[in-house]
Amino acid sequence: MTSQATSTDRRHMDHALVLARRGLGNVWPNPAVGCVIVHDGRVVGRGWTQPGGRPHAEVMALAQAGPAADGATVYVTLEPCAHHGRTAPCANALVAAGVARVVTALTDPDPRVSGQGHEILHAAGVEVVEGVRAGPAAELQRGFLARVTIARPMVTLKLATSFDGRIATACGESRWITGPAARRHVHALRLRHDAVMVGAGTARADLPALNVRGFGRVRQPMRIVIASGPIPDLPPQDDDHGRLWVLRPPLPEALAELGRRGLTRVFCEGGGQLAAGLLREGLVDEIVGYTAGVVLGGDGRRAVGSLGLAALADAPRFRLVETRDLDGDIVHRWAARN
């Protein structure tokens, strides 16, 4: 029987969630999981999913804890896995380590797990507490949850615009509408996504690098171009550029293919036609907007192409999640209203 959570449980789960974020953009097709092991009120082990998805967070934390895991409480942001893949199930590893109690945030919807990890623990006499900090955990796992439940990755649409919603002047000049702080924030978001995606028009006009810069040596995101025809040569895959995939429309099928390939989080950076297409199809889960205090006028290039709306009630709507000042520019994050 599932026991009740305490304030101490919530505090340690928050710690595990912080650790889990370190894996975002780095562990697909696996979820980014964090794990904290506590014995007699002292943290004896910490872990998070490693690059490429192995080892799992629980394995890392157990290795750090060693014998101190015996009789300990384990906090893990997702139900421990119950299936044999390249490694043995984490639920079995926890049982073998002799832990007394396991606190989880979410049940894993993957059919290979889906409650079976919890059941392994129950059957071994381990006390289990479920659903602790489930809301923040689900937000962190949106990409993994989307791939498992709706067979496509989470899509974040980025828009960097003037105050009046333009992305360039009439002649196409766009560097730079926003300042250095906003641009660094964009690279930080690229780092937390599995892939960066653009349309063919942006690929032809900008020859974009679609990589992460300014954060040292990192695992570069995949580069995705949605195109129905040829695209120009982009930089080849190397230490500074991720692998390039070119996919054809229609967009629902393209995103389903990305889900089949294991991607969980896709960061879309343009252009206007691709943004409009994603919005029309209801494929945008989150919008991150960067707004600069500059006005480009009606002859400037629009951030989003035509949506063909007949009525205001048909317009895609999002709820505000957060807003911040970035050295004079404003970043605002919006989530889809599901």
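**Exercise 1. Packing of helix α6**

Determine which elements cover the buried residues of α6 in this predicted model.

Solution. Step 1: take the helix, residues 142–149, and list its buried positions, which are R142, G143, F144, L145 and A146. Step 2: look for elements in contact with these residues; among them are the helix α5 (134–140) and the strands β6 (154–161), β11 (265–268), β12 and β15 (329–336). Step 3: follow the chain past the helix, where A151 has a positive phi near 60 degrees. A151 sits in the loop that connects α6 to β6. With a relative accessibility of 44%, A151 is classed as partly exposed, because the value falls between the limits of 20% and 50%.

**Exercise 2. Packing of helix α9**

Identify the buried residues of α9 and the elements they pack against.

Solution. Step 1: within residues 251–260, the buried positions are L251, A254, L255, A256, L258 and G259. Step 2: recall the helical repeat. There are 3.6 residues to a turn of an α-helix, so positions three or four apart point the same way. Step 3: list the partners of the buried residues, namely α6, β6, β9, β10, β11 and α10. Step 4: inspect the end of the helix, where G262, just after α9, adopts a positive phi of about 105 degrees.

**Exercise 3. The two faces of β10**

Assign the residues of strand β10 to its covered and uncovered faces, and find the strand's pairing with β9.

Solution. Step 1: use the general rule. Side chains in a regular strand alternate between the two faces of the sheet. Step 2: apply it to residues 244–247, where W245 and L247 belong to the covered face, while L244 and V246 belong to the uncovered one. Step 3: examine the pairing; β9 (residues 222–226) runs parallel to β10, with four bridges between them. Step 4: locate a facing residue, I224, which stands opposite W245 in β10.

**Exercise 4. Backbone exceptions**

Locate the cis peptide bonds at P55 and P250 and the positive phi at R133.

Solution. Step 1: state the expectation. Most peptide bonds are trans, and most residues other than glycine have a negative phi. Step 2: check omega at R54 to P55, where the bond is cis with omega near -10 degrees. P55 lies in the loop from β2 (42–48) to α2 (57–65). Step 3: do likewise for P249 and P250, which are joined by a cis bond with omega about 5 degrees. P250 belongs to the loop between β10 and α9. Step 4: relate P250 to E281; their C-alpha atoms are 9.8 Å apart, although 31 residues separate them along the chain. E281 is in the loop between α10 (272–280) and β12 (286–291), and its relative accessibility of 47% makes E281 partly exposed. Step 5: turn to phi. R133 is not a glycine, yet its phi is positive, about 60 degrees. R133 is in the loop between β5 (127–129) and α5 and is partly exposed at 32% relative accessibility.

**Exercise 5. Cysteines**

Explain why C90 and C81 do not form a disulfide.

Solution. Step 1: measure against the criterion: the sulfur of C90 has its closest cysteine sulfur in C81, at 3.7 Å, which is too far because a disulfide requires the two sulfur atoms within 2.5 Å. Step 2: count for the whole structure, which has zero disulfides. Step 3: compare surroundings; C90 is buried at 1% relative accessibility, whereas C171 is exposed at 65%.

**Exercise 6. Empty space**

Describe the largest cavity and the largest pocket, with their linings.

Solution. Step 1: start with the cavities, of which there are two of 30 Å³ or more. The largest holds about 70 Å³. Step 2: list its lining, 15 residues, with L24, N30, A32, T264 and R265 nearest the centre. By class these 15 divide into seven nonpolar, six polar and two charged. Step 3: go to the largest pocket, whose volume is about 1400 Å³. Its lining has 44 residues, and I167, T202, D206, E269 and G270 are closest to the centre. Step 4: assign the lining to elements; those giving two or more residues are β6, β7 (166–168), α7 (180–191), β8 (195–199), α8 (200–206), α10 and β13 (301–302). The biggest contribution, five residues, comes from α8. Step 5: sort the pocket lining by class, which gives 22 nonpolar, 13 polar and nine charged residues.

Note on methods
Residues are numbered from 1 along each chain as its sequence is written. This is a predicted model: local features need pLDDT of at least 70, side-chain atom pairs count only at pLDDT 80 or more; totals for chains, interfaces and linings use all residues. Side-chain values use heavy atoms; hydrogens and water are left out. Buried means under 20% relative accessible area, exposed over 50%, partly exposed in between (1.4 Å probe, protein chains only). Two strands pair if DSSP finds at least two bridges between them. Contact means heavy atoms within 4.5 Å. On a 1 Å grid over the protein atoms alone, a cavity is a set of points where a 1.4 Å probe fits but cannot get out, and a pocket is an open set with protein on both sides within 12 Å along at least five of seven lines; lining residues have an atom within 4 Å of a point. Grid points are joined across faces, edges and corners, and a volume is the space filled by probe spheres set on the points. Ala, Val, Leu, Ile, Met, Phe, Trp, Tyr, Cys and Pro count as nonpolar, Asp, Glu, Lys and Arg as charged, and the others, Gly among them, as polar.
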